[in-house]
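Please open the structure in your viewer and keep the selection panel to hand. The tour goes from a single residue outwards.

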Amino acid sequence: MSRPGFVLEVDERTPPLLVHEGEGFRLQKFPLGSRVIYPPDALPGIKDVREAIRRALAHPHDSEPLEALLKPGMKLTIAFDDISIPLPPMQEPDIRQLVLEEVIELAAQKGVEDIKLIVANSLHRRMTGDEIKHAVGERVFRSFYPRDLTNHDAEDHANLTHVGTTDQGEDVEINKRAAESDLIVYVNINLVAMDGGHKSVPVGLASYRGVRPHHNVSTMLHSKSYMDPRAGHSAIHDSCARMGQLLKDNGVRIFTIETTLNNEVFPQPFGFMNKREWEWSLKEQATYLAAKKANDMAPPKLRHQVWMRVLSPYGVTGVNAGETEAVHERTLARLHQQQLTEVNGQSDVMVVGLPFIGPYNVNSIMNPILVHCLGLGYLFNMYRNKPVVRPGGAMIMFHPVPWEFHQVHHPSYVDFFEEVLSQTTDPSTIESKYEQQYATDPWYIHLYRKSHAYHGVHPFYMWYWGAHALDYLGDVIVVGGNPKACERLGYRAATSFRDALEMAGDTVGRSPSITYLHVPPLAIAEVR
Amino acid sequence: MGRTTKRSLADEVRNVARGWRWGRRPVAPRTAEPHTPPAEPWSFPTDWARTPAGRAARDVVLSGVMKPIVWNETSPDVFGLDNLEGVKPPVMFISNHSSHLDATLILTTLPPKWRNKTATAAAKDYFFDVWWRSAFTALVYGGFPIERGGGEGATDKAKELIRDGWNLIVFPEGTRSPDGWMQRFRHGSARLAIDMDMPVVPIAIIGAYAAMPKGRFWPKPGRPPIRVRYGRPLRPEEGESHQAFSLRMQRAIAELFDEDRTSWWEARRRAGSGQTPKLSGPSGPKWRRTWEGSRDIARRGRPPAWR
């Protein structure tokens with residue numbers, strides 16, 4: 001039985017607490033009385049994962065067993081989540097590999113011959129061969145890549161199908177092969193509550209036309225929060241649910257397989273980062289000191305390489321299969337068991353340390369726009385009911401915010417940062433004035449399809465993810481941030497946490513209440 | 001650059017050390033206490049300290065370091081070692097316990113052939129809580145951990161040592177006296193002596209509280225006098241309960257105190273008529289007991305020619 005999450009109140013016994021700051025970390029003292037939200041301890045992983053997968057496929061929720069759905073001569077498409085989850089990537093074997101092998105084994109036994117595997121990367125960059133191999137395993141990769149195992153192409157109009165329009169006027173356009181298949185099997189990893197459910201097929205296999213109806217400023221401002229996919233709480237999930245229903249109504253058969261992971265984020269010898277600071281052993285204290293000094297002294301390139309090689313020793317905590325909504329309900333229950341922590345009331349200041357990785361910089365660089373997305377997009381939204389911070393409060397983040405971009409992965413980000421953010425940071429203005437131009441730019445489309453670039457419109461979405469937080473917060477301060485980059489983002493940079501609190505005093509007064517969201521491992525605050 | 005790195009390393013070490021107890025389980029913040037699991041039971045290994053090499057090292061430390069320090073800082077006198085003649089080991093040495101000097105005084109006054117095979121029962125929660133204190137206790141005192149509260153298996157290690165022929169030093173009060181007066185004996189030591197059918201040698205340590213009471217970690221200046229009196233060995237009698245034997249052990253130490261205060265003859269007479277003064281101290285407010293308990297004992301012999 002693992003321990004549930006809890007809220008610590010900093011007292012004189014509380015040691016300095018671990019705070020991530022990009023490709024670095026520190027021990028930071030917090031003012032007495034500050035609250036710290038800790039996630040539950042890692043749930044025990046399933047011992048025999050393959051057996052759990054077989055059981056899930058044989059006893060699905062609100063569906064016939066997968067074996068009964070597989071028939072000779074059928075057209076089977078297996079789609080799976082791309083490199084954006086889990087974070088950091090999982091140590092081998094990746095759970096996608098285990099699920100895919102079981103599904104393909106069943107298909108082989110049942111005489112299915114027409115099988116295509118598609119990476120559901122939507123408008124994300126195409127995964128490289130090595131990245132795909134890591135996710136699906138050598139056996140699947142050797143059998144299907146590259147002919148029958150491909151990245152989804154959201155700009156290949158010959159291979160997209162417009163399935164219909166929802167009653168809210170939302171276009172549903174997805175991968176043609178998937179839409180025309182007798183069965184789509186979707187293999188998901190549910191890292192956060194935002195993932196999975198109807199967000200898998202209608203978004204993961206969609207085109208720009210199919211993504212635009214919910215990836216916009218209005219939807220984001222009405223998603224409070226998009227980490228709370230209950231109907232009525234998140235406009236983006238409501239939209240995805242409508243799209244999912246439309247697919248169902250149009251005869252697109254989906255068999256969903258969702259998996260959940262535990263909180264074992266950091267491998268040894270960095271296991272101390274998974275633990276509460278006052279429980280660190282002498283060895284872990286020494287490891288912290290050694291790792292901290294080595295990390296600080298390492299050349300930036302080497303440091304980056306080391307961080308990008310971190311693979312998490314996650315344990316699998318749940319495998320559910322069957323009808324999408326029935327599966328997702330169980331998946332969310334398991335996810336909440338691992339991540340939910342109850343918090344009483346809001347505070348004036350929310351503090352968060354941004355880790356080295358987000359969904360869009362795996363094997364890449366976390367540029368300033370991704371910092372915005374991770375901080376004000378994802379981590380600000382790690383709540384249910386209401387945000388951790390009060391309306392008009394301040395958010396203090398720790399990150400160096402380097403003025404640095406990956407030229408292959410994020411070409412449109414560079415231009416967005418230079419051309420758009422230099423003019424305005426208002427999401428609505430950006431959307432109305434610039435989005436179309438970037439989304440339809442032939443060079444960005446070419447790079448998305450032929451290179452490994454994110455779609456031209458992707459930086460806009462990153463900015464929209466933070467629209468709710470921008471609208472809600474009174475001040476955003478980044479400790480250790482590059483002042484020029486922060487200024488471009490509309491933030492303020494502070495050299496130390498003390499300075500940041502001093503600066504936040506303009507917004508929240510001299511003695512603000514402070515809540516530190518201690519992530520990773522991830523926690524969702526259930527704010528009462 | 002190098003200077004910055006050095007300074008920041010020192011800062012980091014200070015940061016890590018701040019509010020933490022090195023080598024010991026850190027204190028959890030108050031709001032985290034309900035969420036912090038109890039420490040896993042763990043016992044510091046002490047057998048190494050009773051190997052020939054450990055015994056040789058202990059002999060060097062006791063004779064070369066501890067005894068010179070204690071004998072230089074206090075003026076101990078030892079009486080009654082002749083009571084050990086003819087006694088067959090293993091035996092249990094019991095004493096009143098009022099100072100950290102007690103175990104050192106016993107070990108440094110015992111004849112080498114006895115000391116060489118003597119181990120000290122030390123409270124696990126105090127002497128074996130951090131590795132460095134555990135190592136010190138094991139090396140210098142031949143210490144082994146014992147649970148103060150008793151319970152199942154609390155004396156297993158003691159029994160194992162007795163079977164191996166080791167003498168034990170046990171303080172039946174369980175902890176140092178807060179006011180210099182002897183506290184009630186816990187019955188574990190009497191029960192152990194009965195179970196193992198072993199002789200018990202009572203020892204009275206007089207003046208150790210005045211020299212270095214609880215709360216001090218170095219003797220008071222002025223070489224305060226201390227007297228260590230060994231008594232005749234006691235043996236559990238046939239059918240004697242552990243409660244009765246425990247009372248007899250207390251009385252034996254009280255008689256040694258009486259002997260020290262008056263004379264052997266007078267003390268024996270009072271013991272014969274059951275009039276040995278108790279060592280529970282005066283009744284009344286706490287300060288009075290402390291006041292009387294911390295009174296310096298009289299120096300024996302001629303006063304020094306100069307002070």
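Select Ile78(A) and then its partners in contact, Leu100(A), Val103(A), Ile115(A), Leu117(A), Val185(A) and Val187(A), leaving out residues up to four places away in sequence; contact here is defined as C-beta atoms, placed from the backbone, within 7 Å. This is a predicted model, in which local features need pLDDT of at least 70 and side-chain atom pairs count only at pLDDT 80 or more, while totals for chains, interfaces and linings use all residues. Residues are numbered from 1 along each chain as its sequence is written, and chains are lettered from A and ligands numbered from 1 in the order in which they are written.

Next, widen the selection to the largest nonpolar core, which has 165 residues, with Ile78(A), Val185(A) and Met382(A) among those that have the most contacts inside it. Such a core is a set of buried Ala, Val, Leu, Ile, Met, Phe, Trp, Tyr and Cys residues joined through C-beta atoms within 7 Å, where buried means that 20 or more other C-beta atoms lie within 10 Å of the residue's own. Colour helix H14 (residues 368-379) of chain A, which gives the most to this core, with eight residues; helices are DSSP runs of H or I of at least four residues.

Now select domain 1 (6-41 + 339-527) and domain 2 (76-261) of chain A, with bounds that come from an automatic or database domain assignment. Their C-alpha centres lie 26 Å apart, and the contact between them takes 30 residues from domain 1 of chain A and 28 residues from domain 2 of chain A.

Technical notes: Buried ≥ 20, exposed ≤ 12 C-beta atoms within 10 Å, placed from the backbone. Helix = DSSP H or I, 4+ residues; strand = E, 2+ residues; numbered from the N terminus. Contact = placed C-beta atoms within 7 Å.
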